[in-house]
Amino acid sequence: MQNCATAISYGMKKQTKKIKKRPDWDHYFMEIAHMVATRATCNRGTDLKYVPGFKGVGAVIAKDKVILSTGYNGSPRGMEHCDDVGHEIVEGHCIRTVHSEANAMAQAAKNGVGIDGATLYTTASPCYDCFKLLINAGIKRVVYGRYYDSRYGMSKPVLRLAKKAGIKTECLKTD
């Protein structure tokens, strides 16, 4: 068996090497959040990138280039899923589901994983209630894929709250 150097020395044509561009860390974690969203069990939220025609939200909490936790919107652990039994709608929003950001924080807490100083990547911008939890959990940066007009009409006040709390927010499109 010949190695590449031997093959070249026998006059075979040298192949040009294709260079693959690696995604930066923000795009990498956001793509993972899009995949996490495919596990959503409440079909409300934003359109799923990898499952056209369905909706959901996914979140990834990362720090120092390491994933600490993930979450998606869905019913509390062990409870019936909206996709199976329908939604509990109050004022136009499903109250049965736990938001992806809250699920990611709960998963970290359940497993004893500290998230202080981490970045949250989410496919849709957090609602006001989730953002308050992010502040208390010590999240320092939020990167979202789509601006989501959250419940109570509080999406714009979320951005003001972020500024007051010193949390950086950034919209990152990946499609």
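This passage describes the fold of the chain, from its central sheet to the helices around it and the residues buried beneath them.

The structure is a predicted model. Its chain has six helices and nine strands. Of the 175 residues, 38% count as buried, and the chain exposes about 10,900 Å², of which carbon and sulfur atoms supply 53%. Among contacts in the chain with a separation of 6 or more, 60% are accounted for by residues 24 or more positions apart.

A convenient place to begin is the sheet. Five strands form an open sheet with mixed pairing, in the order β4-β3-β7-β8-β9. Strands β4 (66-72) and β9 (168-171) stand at the edges; each has a single partner strand, so one side of each is left without a neighbour in the sheet. From one strand to the next, the twist averages 15 degrees. Strands of a sheet pair through backbone hydrogen bonds, in either a parallel or an antiparallel manner. Here, strand β7 (residues 119-122) and strand β8 (residues 141-144) run parallel and are joined by four bridges. One residue pair can be named: Leu120 has Val142 in β8 as its bridge partner.

Two helices that pack on this sheet deserve a look. Helix α2 (residues 25-37) touches β3 (58-63), β4, β7, β8 and β9, and its direction makes about 145 degrees with that of β3. Helix α4 (residues 100-110) also packs on the sheet, where it touches β3, β4 and β7; the angle between its direction and that of β4 is about 130 degrees.

Helix α2 can be followed in more detail. With 13 residues at 1.5 Å a residue, α2 should span 18 Å, and this agrees with its end C-alpha atoms, which are 18 Å apart. Its buried residues are Asp26, Phe29, Met30, Ala33, His34, Val36 and Ala37. Seen down the axis of α2, these buried residues fall within an arc of 160 degrees, so they line one face of the helix. The general geometry helps here: an α-helix has 3.6 residues a turn, so residues three or four places apart point the same way. The cover over the buried residues of α2 includes β2 (55-56) as well as β3, β4, β7, β8 and β9.

Two neighbouring residues show what this burial looks like at the level of single side chains. Ala33, in helix α2, is buried, with a relative accessible area of 0%. Leaving aside residues up to four places away in sequence, Ala33 touches Gly58, Ala59, Val60, Tyr121 and Thr123. The C-alpha atoms of Ala33 and Ile61 are separated by 9.2 Å, although the two residues are 28 residues apart along the chain. His34, also in α2, has 8% relative accessibility and therefore counts as buried, the cut-off being under 20%. With the same exclusion of residues up to four places away, His34 touches Lys49, Tyr50, Thr123 and Thr174. Thr123 is thus touched by Ala33 and by His34.

Helix α5 (residues 128-137) offers a further case, with Cys130, Phe131 and Leu134 buried. These three cover an arc of only 100 degrees around the axis, which puts them on the same side of α5. Just after α5 comes Gly138, which takes a positive phi of about 90 degrees.

How values were computed. Residues are numbered from 1 along each chain as its sequence is written. This is a predicted model: local features need pLDDT of at least 70, side-chain atom pairs count only at pLDDT 80 or more; totals for chains, interfaces and linings use all residues. Side-chain values use heavy atoms; hydrogens and water are left out. Two strands pair if DSSP finds at least two bridges between them. Axes are lines fitted to C-alpha atoms, for helices over the stretch in contact, and angles run from 0 to 180 degrees between N-to-C directions. Contact means heavy atoms within 4.5 Å. Buried means under 20% relative accessible area, exposed over 50%, partly exposed in between (1.4 Å probe, protein chains only). Accessible areas come from the Shrake-Rupley method with a 1.4 Å probe; for residues, only the protein chains shown count as cover. The expected span of a helix is 1.5 Å times one less than its number of residues. The arc is that of the directions from the helix axis to the C-beta atoms.
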